[in-house]
Structures are given as structure tokens and as C-alpha cells.
Amino acid sequence: MNTGLSIIIVNFNSGYLLKRCCQSVKNHLSYPHEIIIVDNHSSDHSVEEIEKLNLENIKVIKNQSNLGFSRANNLGISLSNSDIILFLNPDAYFDEDSGMYLNIWLQEQFKSNCLYSAILIDGK
């Protein structure tokens, strides 16, 4: 294990949202990380679009059936190389502010063994 961050994204026919999510991680997260996409047998070619981007530090697991959300997340954890796990839905994305705050939190204030989800509406 290392001290980086593993971002686990479970995908099922998320379309352009998956691409936007991954690009936002690339553009706004400077903390060392890997992205693990666990695809639950999508038919919309969203994973193929990600593979065309040639992003660094990304693993794509293509399941032959829909394992469900929990089992897919557990599979992602089993393939992680990091001590810190972030579960990120494909319809979520980082903007400049949220990426900056996560970078600061991870670099300076990490004292827990879990990350949690927060909903920001209008930046509040």
C-alpha cells in the first residue's frame, strides 16, 4: 500500500458523465491518485470513451455481468494500491474549488480512515 488515493467509480451506462467525472479528477486533483473504474456490463460505450482519453493511473475493470453497486465497489477496493479510498459516483465531478479543498484536506488534515460524501449546492 502507498499513501496515495484510490478513486473507485462504479459505472453502468453513465454515458458522458463518466468522461466528465474522470476529466475533472485529472484537471483538479493534484494529490497522488489512481482511478479504478468498475464497469457493470455497460452497453453505452462509456468505458470505451474513457479508454480513448489515455489517462494515466487508471484501471478499467469490465465485468461480464452487472454485479451490483456494493460488489463492484468491493472489487475496486480489492484492486486498490492505496491506503485512502474515495468512492465517487460517475455523475459527480470536481470543479476548481472542490478539487482545491480536497487536495488541502488530504495533504494537511488527513486523520481519519474514511472519506465521506458531501453535497454542495451553490458552493455551500
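This section describes the nonpolar cores, cysteines, salt bridges and a surface patch of a predicted model. Local features were taken only at pLDDT of at least 70 and side-chain atom pairs only at pLDDT 80 or more, whereas totals for chains, interfaces and linings use all residues. Residues are numbered from 1 along each chain as its sequence is written, and side-chain values use heavy atoms, with hydrogens and water left out.

The largest nonpolar core (a set of buried Ala, Val, Leu, Ile, Met, Phe, Trp, Tyr and Cys residues joined through side-chain atoms within 4.5 Å) holds 19 residues. Buried denotes under 20% relative accessible area, exposed over 50%, and partly exposed the range in between, with a 1.4 Å probe and protein chains only. Within this core, Leu5, Ile7, Ile9 and Cys22 touch the most other members. Two or more residues each come from strand 1 (2-11), helix 1 (16-28), strand 2 (33-39), strand 4 (82-87) and helix 4. Helices (H or I, at least four residues) and strands (E, at least two) are DSSP runs, numbered from the N terminus. The largest contribution to the core, 4 residues, is that of helix 1. When neighbours within four places in sequence are set aside, the contacts (heavy atoms within 4.5 Å) of isoleucine 9 include Leu18, Cys21 and Cys22, as well as Ile35, Ile37 and Leu88. A second, separate core has 7 residues, among them Ile8, Ile36, Val38 and Ile85. In soluble globular proteins, nonpolar side chains tend to be buried together.

No disulfide is present: the count is 0, the criterion being a pair of cysteine sulfur atoms within 2.5 Å. For cysteine 21, the closest cysteine sulfur is that of cysteine 22, and because the distance is 5.3 Å, it is too far for a bond. Cysteine 22 is likewise in no disulfide, its nearest cysteine sulfur being that of cysteine 21. Cysteine 21 is buried, at 0% relative accessible area, and cysteine 22 is buried at 0% as well.

Salt bridges (a side-chain nitrogen of Lys or Arg within 4 Å of a carboxyl oxygen of Asp or Glu) number 3. Side chains of opposite charge can pair when their charged atoms come close. Lysine 59 pairs with glutamate 34, with 3.5 Å between the closest N and O atoms. This pair joins distant parts of the chain, lysine 59 lying in strand 3 (residues 58-62) and glutamate 34 in strand 2, 25 residues apart. Lysine 59 is partly exposed at 28% relative accessible area, while glutamate 34 is buried at 9%.

Lysine 62 and glutamate 51 meet at an N to O distance of 3.3 Å. Here too distant parts of the chain are linked, with lysine 62 in strand 3 and glutamate 51 in helix 2, 11 residues apart. Lysine 62 is partly exposed at 42%, as is glutamate 51 at 36%. The pair of lysine 52 and glutamate 49, at 3.2 Å between the closest N and O atoms, lies within helix 2 (residues 46-53), its members being 3 residues apart, about one turn of the helix. Lysine 52 is exposed at 59% and glutamate 49 partly exposed at 32%.

On the surface, Met100, Tyr101 and Ile104 form a nonpolar patch with about 290 Å² of accessible area together. Patches are made of residues with over 30% relative accessible area and no salt bridge, like charges being joined within 9 Å and nonpolar side chains (Val, Leu, Ile, Met, Phe, Trp, Tyr) within 5 Å. Accessible areas come from the Shrake-Rupley method with a 1.4 Å probe; for residues, only the protein chains shown count as cover. Isoleucine 104 is found in helix 4 (residues 96-108) and is partly exposed, with a relative accessible area of 32%.
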